[in-house]
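Here's a quick tour of what sits on the inside of this protein: the holes, the packing and one well-hidden helix. Keep the structure open while you read.

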Amino acid sequence: MLPVTRALGVDVGTTNTKVAVVEIAGSEVRELRVLRRPTAGDGDGIRTAVRGLVRDAVETLGGAPVAAIGIASMAETGALLDADGRSIGALLRWDAARPGGTVEPGLSERTGVPRPEKSTRALVAAALPGRRGAVSWAGGAELAALALIGRAVTDPTLALRTMLATLPRLGEPVAWDAELLAATGLPGEALPRILVAGETVALDHAAARSLGLPAGIPVAIAGHDHAVATWAAGMREPGETGDSIGTAEALVRIAAGEIDRTAAIAEGMSVGRTVDGRYETLVGGIPAASRLLAELAGRVGGDEPADSFAGPIMLPTPAGRQAPRPDGAAVLRAITPDGADASIPTDPAVAARAVSAGLALQARWIAAAQDRVLGSPATRTVVTGAAHAVAGPWWAAKRRLSPALLARTTGIAEPVAAGAALLAAVRAGLGESGIRLPVDVAPLDLDPGADDLLAAFVAASLDHHLTPETS
């Protein structure tokens with residue numbers, strides 16, 4: 001009988017904070033339980049929630065040992081802290097920023113970040129003058145680390161999203177940039193230590209006592225939520241792509257070598273690292289994906305698509321387009337399948353199909369831009385997200401509008417949290433290096449008109465003409 005390892009995964013997300021209890025036996029992975037709370041609006045609240053969720057998760061195991069804990073989180077969002085480590089004011093949130101503003105020449109290429117206005121650097125610089133006593137900053141994962149190990153530490157995938165670290169050459173360590181930090185007004189020691197890829201730290205004695213766990217359990221900062229989901233789905237080699245949907249949707253393509261920074265930034269995509277530090281990643285996102293599905297589509301319909309896409313299609317850009325071809329002036333619009341303006345649908349079922357088709361076409365457009373930047377197509381793509389997200393009309397539309405064979409994680413309610421647990425176990429030497437979350441491959445089902453739909457969608461997206469109905 002195979003030995004069983006149990007690990008906990010923490011995911012501090014934009015909307016909810018989750019803890020997943022994961023059981024590993026050889027190559028088999030099971031998500032035993034997920035506990036959730038809405039993400040708190042301040043740093044102290046996040047720390048309290050993480051401790052409470054971990055304590056509750058430990059209790060559900062009824063005394064069964066926990067071997068490792070992994071922490072993942074959204075990027076950019078964080079809290080300013082005082083000298084005692086207490087949060088000052090509300091969270092500085094990535095999703096509160098809006099496209100636009102000036103970009104210092106060369107800054108995006110220097111850091112690998114295409115949208116400076118939503119970076120930690122910009123958020124801190126704007127907030128610091130009104131928050132007296134702030135001496136340090138911690139993001140979601142770092143706040144969870146403070147709750148569990150008593151000090152703030154981070155990892156390269158999160159550090160590279162802040163615009164406070166220079167993007168190094170592949171193989172070189174990621175480090176904070178003193179010049180970039182100075183522009184925020186924070187002191188030089190204000191940021192968490194960046195762990196080396198694969199490094200773990202020990203659970204704090206005080207935290208261990210309060211959580212009912214033995215001290216010394218290895219804790220891993222798994223990293224940026226989309227990067228963790230990509231690794232957890234088994235996408236770990238050049239050409240492979242993780243299509244991760246949470247509050248935002250992100251396509252994380254793994255590159256064989258160093259990525260052309262200028263070409264990536266021109267397409268509104270960021271350059272980062274895989275969670276194991278071996279490769280660079282090219283990331284293109286759709287920030288409003290989850291909100292559009294919730295507000296316009298709801299959970300209408302099943303996985304089976306209609307025979308064709310005859311109704312309206314939404315351009316999913318309520319607050320500008322991030323990628324590709326960044327455009328802060330882009331707005332939410334509806335078009336007909338041939339690209340003409342249409343009224344935004346009000347019927348829930350029609351809206352579900354319109355939003356799902358638009359998101360699927362936007363993702364395909366991003367993937368094509370990634371092909372151009374990297375000079376080669378994706379080899380495999382796995383879709384990851386909460387169980388209710390990777391289903392319904394959205395999944396059906398992706399299958400019908402993607403020319404590539406798609407797969408999705410299955411049987412996992414929260415793949416980022418479960419992936420963080422899995423990664424922690426692997427880093428602690430308690431799981432096989434090739435282990436991944438279970439994945440289901442869907443049969444190829446390309447709509448015969450998919451290429452024409454994409455062409456009309458792209459042309460309409462690049463056209464700023466608005467009718468009174470869509471303005």
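A cavity here is a set of grid points where a 1.4 Å probe fits but cannot get out, and its lining residues are those with an atom within 4 Å of a point. Bear in mind that this is a predicted model. With that in hand, let's look at the enclosed spaces, then an open pocket, then helix α4 and the nonpolar cores.

**Cavities**

- Counting those of 30 Å³ or more, there are six cavities.
- The largest cavity holds about 100 Å³ of space.
- Its lining is made up of Thr157, Leu160, Arg161, His224, Ala227, Val252, Ser270, Val271, Gly272, Arg273, Thr281 and Val283.
- By type, that lining of the largest cavity splits into five nonpolar, five polar and two charged residues.
- Two strands, β14 (270-273) and β15 (280-286), each put at least two residues into the lining of the largest cavity. Of these, β14 has the largest share, with four residues.

**The second largest pocket**

- About 420 Å³ of space is found in the second largest pocket.
- It is lined by 24 residues, and the closest to its centre are Ala367, Thr381, Ser402, Pro403 and Ala404.
- Elements giving two or more residues to this lining are β12 (240-245), β13 (249-254), α11 (348-374), β19 (380-385) and α12 (392-401).
- The top contributor to the lining of the second largest pocket is α11, with six residues.
- As for chemistry, the lining of the second largest pocket has 14 nonpolar, four polar and six charged residues.

**Helix α4, tucked away**

- Why call α4 (residues 140-149) largely enclosed by the rest of the structure? Because 10 of its 10 residues are buried.
- The buried residues of α4 include Glu142 as well as Gly140, Leu143, Leu146 and Ile149.
- Ala144, a residue of α4, has a relative accessible area of 0%, so Ala144 is buried.
- Leaving out residues up to four places away in sequence, Ala144 touches Val10, Val12, Val50 and Ile71.
- Ala144 and Thr162 are 18 residues apart along the chain, and their C-alpha atoms are separated by 17 Å.
- Right after α4 comes Gly150, with a positive phi near 80°.

**Ser136**

- Strand β7 (residues 136-139) is where you'll find Ser136.
- Is Ser136 buried or exposed? The cut-off for buried is under 20% relative accessible area, and Ser136 comes in at 17%, so it counts as buried.
- Apart from residues up to four places away in sequence, Ser136 is in contact with Ala79, Leu80, Leu81, Asp82, Leu186 and Ala190.

**Nonpolar cores**

- Which residues touch the most other members of the largest nonpolar core? In this set of 45 residues, the answer is Val54 and Ile69.
- At least two residues of this core come from each of β1 (5-12), β2 (16-25), α1 (43-60), β4 (68-73), β5 (78-81), α4, α7 (205-211) and β11 (218-224).
- Our enclosed helix turns up again: α4 gives the most to this core, with eight residues.
- Val54 touches Leu8, Val10, Val19, Leu148, Leu211 and Leu213, again not counting residues up to four places away in sequence.
- There is also a second, separate core of 37 residues, with Leu167, Ala288, Ala289 and Ala442 among them.

Notes: Residues numbered from 1 in each chain as written. Predicted model: local features only at pLDDT ≥ 70, side-chain atom pairs only at ≥ 80, totals over all residues. Heavy atoms only, no water. 1 Å grid on protein atoms, 1.4 Å probe; cavity = no way out; pocket = protein on both sides within 12 Å on 5 of 7 lines; lining within 4 Å. Points joined across faces, edges and corners; volume = space filled by probe spheres on them. Nonpolar A, V, L, I, M, F, W, Y, C, P; charged D, E, K, R; others polar. Buried < 20%, exposed > 50% of the residue type's maximum accessible area, 1.4 Å probe, protein only. Contact = heavy atoms within 4.5 Å. Core = buried A, V, L, I, M, F, W, Y, C linked by side-chain atoms within 4.5 Å.
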